[in-house]
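Student: Hey, got a minute to walk through this model with me? I'd like to start with chain B and then look at the contact.

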Amino acid sequence: MTLPVTSDGQSPHPFARGKFAALVEWWGPRPWSQIAAILGIAALLLWFGLNVAASLQRAGITPGFGFLFRSANFQIGESTLAFQAGDTYLRAIAVGIVNTLKVAVAGCVLATALGVAIGIGGLSANPILGGLVRFYIEAIRNTPLLLQLFFWIALARNLPGPKQAPGGAGFYLSNRGIFVPALTSASGWLVPVAVVAGLGLAAIVASRFLSRGRGLVWLAAVALSALALSALGVGLDIAHLQGFNIRGGMSLSPEFAALLTALTVKFSASIAEIVRAGILSVPVGQREAARALGLNDWQILRLVVLPQALRVIVPLITSSFLDLAKDSSLAVAIGYPDLVSILNTTANTTGQAIEAVFIMTVSFLALNLSVAALMNRYNTRVALRGQVKR
Amino acid sequence: MTLSSTLRRAFAGPANIALSLATLSILALILPPLFGWAVTHAVWQGDMETCRAASGACWAFLQAKARFILFAFYPAEQLWRPVLVVMALLVLMILSTLPRLWGKALLTLWPITLLSAWWLMAGSGPLPRVSVNDWGGLPVTLLVWTTCMAFALPTAVLLALARQSRMGGLRSLSVAYIEVMRATPMVAILYFAMLILPMALPNGIILDKIARATIMTALFFTAYLAEVVRGGLQTIPAGQAEAASALGLGYWRTVQLIVLPQALNKVIPGLVNLAIGFLLATSLLAVIGVFDLLNAAKASTTDPAWMGFYDEAYIFAALIYFVLCFGGSRYSLWLERRLQRH
């Protein structure tokens, strides 16, 4: 005996199909109240829009993005892209985007490194180390990022001159900037990067086919890379004191250094908490079982604990990275020329505030969505690993 | 945990001994100079010259500038008003932490206190007016924070309900609002308040900076709160609402009597944690030139009579933030355990 079943098993009404019906179903109950509510909100927005249009007319500002191609008559303190007064606003904004990405990416890398170290430190059974880590995390988490940023910038601007600058081994903290060793290349960057990438790729491919000796392959790849790089004239330029100034190396501006330090320190505390929570989420029994099977500490961490902990860690760390990128906009408070700060200057010099805030919102929306998409792909990989494959 | 058991755990086994010694040697490097700076070489009384001559902290600076950091430019003869505002808000906050006081009384007390607080700060009628430009310090931070929370919480509940509802139009609107707000940095929201909001108001109506910033900040917080509330709503099985409607309860009665009490109860610790984050976030008002606690602390270091004692000023402000936030997070932990028990 067969029962009559509709093809989708959902809609009992034989005519409730088609695009319109689907739309009606999606729109849901109380269709007219919804339309009234949306019209009400639209009317409010329209009223604001009309007010804005009237204000713009009074101020004599033409809305639109034409200003992007006019020349900007301001200087930008530091820029990776070349910029001088007279270049277009578009280029200024591009400089801002690059500066934001620079500090955000460096911040994510450093905060992760510091955060993982602190998180693991906090997990140790040692009460003295544990106490120190707790103190660090609580002190950092319970004070505002902007306050920490003000503190770091005040510190960076009040550093002693080059002669008395503390530091050594290529690192100097002076009021002319923070000096770190720089990578230099005599023959441009294309060939060295290609060589290292090729060797890395070869090592990945080789270790795919090997069941033993993967460590040796990687060691060989690293050694070969080092040899190739020194042969190609890649070297470290180390800062050193010469007369009354520091020569060589790479100089970070006090603003960049302060912003990077503030973001790194603030987010290392949250990442440490995430790492801790992730590792604690793996039941102790798993570790004990792995030990009973004869795995060593490193194998337990790599094969048992990390794959499961990462499932907890990755989504949380993603939102931390996004917060870090958004918080890099505090740059405006100390004069580091990031995207927000340059758009603010643009709004003040052209009066095109709406366009500036629009670009700000769209840029961060795009950044957010792309990072989220990237991390989601990684997350599916991590989430699948360790599960029973069917 | 006793001291002896702590010591035993710290020095059990060679690895632990090495870790403890390494940590202690780091502390030995940091602590003595810090103690010297903060206590032995510190200046407790005097002026800028005595502080400049000493190598330690200048606590005399805080004695001289504490009033400015806490209340900024508020006229000295009217100082009782911001003091009263701070006390009232702190007392009400402490009362609100006690679960057995949760109820209608507190819900009515909050709006009344907030309205009177704004009136006390601004003054009208019997009280002389104080221009918003003279407001500053702790009362501004606390007032903006609590007002934003008081506005954002009910709005967030509505947004979360819309996001969970079967009404496609309102749901999409709510999702768009929440996602755009959460992707935007708060600094951009504050610039919107500074640059665009004045243009969106009809000609002739002028809102001051603090009011504009408060409105936009409240709208910003709403999106984050809505997501936490939604998390609570998701834990309530659909059967509950269906049972309620089978009993003849309408949508709003179901929400009010069945869904919200359970959903909110589940997310209160999360809401407290978010509120702490918001208190820290109000410090961004300094970026647009509002004299909140942080900006007042920063401004105090540019007084010609006390130039450049930023360490002391920031430590003072940081301590205030820390006490409020650390207290809040401990409270949230306690509350979580208590709610789990019931």
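**Chain B and its contact with chain A**

Tutor: Sure. Keep in mind that the model is predicted. In chain B, residues 105-122 are 100% helix and 0% strand, with the end C-alpha atoms 26 Å apart.

Student: What does UniProt say about that stretch of chain B, residues 105-122?

Tutor: An unreviewed UniProt entry marks 105-122 of chain B as "transmembrane region", along with other spans including 79-98 and 314-333. Residues 314-333 of chain B are also 100% helix and 0% strand, and their end C-alpha atoms sit 28 Å apart.

Student: How many helices and strands does chain B have?

Tutor: 14 helices and 0 strands.

Student: And where does UniProt put the "ABC transmembrane type-1" domain in chain B?

Tutor: At residues 138-328, again from an unreviewed entry. That span is 79% helix and 0% strand, and its end C-alpha atoms lie 17 Å apart.

Student: What share of chain B is buried?

Tutor: 35% of its 342 residues. As for dimensions, the C-alpha atoms of chain B fill a box of roughly 75 × 70 × 35 Å along the principal axes.

Student: Switching to the contact: how many residues come from each chain?

Tutor: Chain A puts in 47 residues and chain B 44 residues.

Student: Which element gives the most on the chain A side that touches chain B?

Tutor: α2(A), with 10 residues. Among the other helices of chain A supplying at least two residues there are α1 (18-27) and α12 (353-384).

Student: What's the makeup of that side of chain A?

Tutor: It splits into 32 nonpolar, 12 polar and 3 charged residues.

Technical notes. Residues are numbered from 1 along each chain as its sequence is written. Chains are lettered from A and ligands numbered from 1 in the order in which they are written. This is a predicted model: local features need pLDDT of at least 70, side-chain atom pairs count only at pLDDT 80 or more; totals for chains, interfaces and linings use all residues. Two residues are in contact if their C-beta atoms, placed from the backbone, lie within 7 Å. Helices (H or I, at least four residues) and strands (E, at least two) are DSSP runs, numbered from the N terminus. Ala, Val, Leu, Ile, Met, Phe, Trp, Tyr, Cys and Pro count as nonpolar, Asp, Glu, Lys and Arg as charged, and the others, Gly among them, as polar. UniProt positions are given in the numbering used here, feature names are shortened, and annotations may be inferred rather than shown by experiment. A residue is buried if 20 or more other C-beta atoms lie within 10 Å of its own, exposed if 12 or fewer, and partly exposed in between; C-beta atoms are placed from the backbone.
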